[in-house]
Amino acid sequence: MAVNQKKKKIMMKRISLLMAITVLLISCQSGAKKEEKKQLTIGYVDGWAEGVAMTYITKAIMEEHGYEVETQKAAVDLIFASLAMGDTDVFMDTWLPVTHGAKVAKFKDKIESIGITYRKAKIGLAVPAYVDVNSIEELNANAEQFDGKIVGIERGAGITAKTDVAVEEYGLELEHMNSSSIAMLAELKKSIDANKWVVVTAWAPHWIFGRYDLKYLEDPKGVYGQAETVETFARKGFKEEDPFAAKYFANFKLTDEQMGQMLMFMVAYEDQAKGAKEWVAQNKDLVASWLK
């Protein structure tokens, strides 16, 4: 009887030991899974509609594939510097060759393009279609109707630098007013609602060309260049460290129709994260092509 009791105790100890080992193994496996979760940091400029939309859509997609995604809102110069320092992984809103050409050249040994998203981008000065002016050369003769100003965006933006050049090259007597992208959009809407003349620094793709009837002013001196590409730039080494994400950004491409649809869809959402998830749910085939 005593022998049986002793065997039972030994058996119970063995069972307890096995259970403890099992719990430990499960715990270790769970910890390993947590450590394996990949991190992705995306920089974007607030008010740059296409960049904000692409960033939040990518965040939604990558989170579905096990990533922890951090978005960093900053001025464009700070984003390029952060890429070069390795603190930011990618920036999806680089415009070349004109808009951000000088900024890319500054960090050319520390950052690199990993994908071209869109090939028909454009920057310049734009006015509502009802404005009876068609060229930058006609601005001085109509300066009073524009209240003597060009409504611009933030300092540091590529289009801001080019507009300063345009003011000098064309000898413009209008003052280039800088504020923010959001303030420019508000001034544009206010002017159109009042059927007032206004000239703004503009870029396409942007949802304003879907909402308002605008036209670019002719640029005979070619200050703003021709068609540009919108590209994703990454810190050096990112492609090798994360081949899955690098392939996604290489595949991330939009046609005119897709870009326009995306921008008009996203502008309807104050909560960009929510809008991005809805867009992803409604565009599964396109998303799948980026993940192939």
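These exercises cover the cavities and the unusual backbone sites of a predicted model.

**Exercise 1. Find how many cavities the model has, and what lines the largest cavity.**

Step 1. Start from the principle. Rolling a probe the size of a water molecule over the atoms shows where empty space is left.

Step 2. Count. There are two cavities of 30 Å³ or more.

Step 3. Take the largest cavity. It holds about 90 Å³ of space.

Step 4. List its lining. The residues are W48, E50, D93, W95, T99, H100, I123, I153, A157, G158, I159 and W203.

Step 5. Map the lining to elements. β3 (90-96) and α5 (158-169) each give two or more residues to it.

Step 6. Sort by class. Seven lining residues are nonpolar, three are polar and two are charged. Glycine counts as polar here, so G158 of the lining goes in the polar group.

**Exercise 2. Describe the second largest cavity by volume, lining and residue class.**

Step 1. Volume: about 30 Å³.

Step 2. Lining: F146, D147, K149, E187, S191, K196, W197, V198 and V199.

Step 3. Classes: four nonpolar, one polar and four charged residues.

Step 4. Keep D147 in mind. This lining residue returns in Exercise 4.

**Exercise 3. Locate the cis peptide bonds that precede P97 and P205.**

Step 1. Recall the background. Most peptide bonds are trans.

Step 2. Check the bond from L96 to P97. It is cis, with omega near 10 degrees. P97 sits in the loop between β3 and α4 (101-106).

Step 3. Check the bond between A204 and P205. This bond is also cis, and omega is about 20 degrees. P205 belongs to the loop between β7 (200-204) and α7 (208-211).

**Exercise 4. Place D147 and N195, which have positive phi, and decide whether each is buried, partly exposed or exposed.**

Step 1. Recall the background. Most residues other than glycine have a negative phi.

Step 2. Read the angles. Phi of D147 is near 55 degrees. Phi of N195 is about 55 degrees. Neither residue is a glycine.

Step 3. Place them. D147 lies in the loop between β4 (111-128) and β5 (149-151). N195 lies in the loop between α6 (181-193) and β7.

Step 4. Apply the cut-offs. Buried is under 20% relative accessible area, exposed is over 50%, and partly exposed is in between.

Step 5. Assign. D147 has 45% relative accessibility, so D147 is partly exposed. N195 has a relative accessible area of 51%, so N195 is exposed.

Notes: Residues numbered from 1 in each chain as written. Predicted model: local features only at pLDDT ≥ 70, side-chain atom pairs only at ≥ 80, totals over all residues. Heavy atoms only, no water. 1 Å grid on protein atoms, 1.4 Å probe; cavity = no way out; pocket = protein on both sides within 12 Å on 5 of 7 lines; lining within 4 Å. Points joined across faces, edges and corners; volume = space filled by probe spheres on them. Helix = DSSP H or I, 4+ residues; strand = E, 2+ residues; numbered from the N terminus. Buried < 20%, exposed > 50% of the residue type's maximum accessible area, 1.4 Å probe, protein only.
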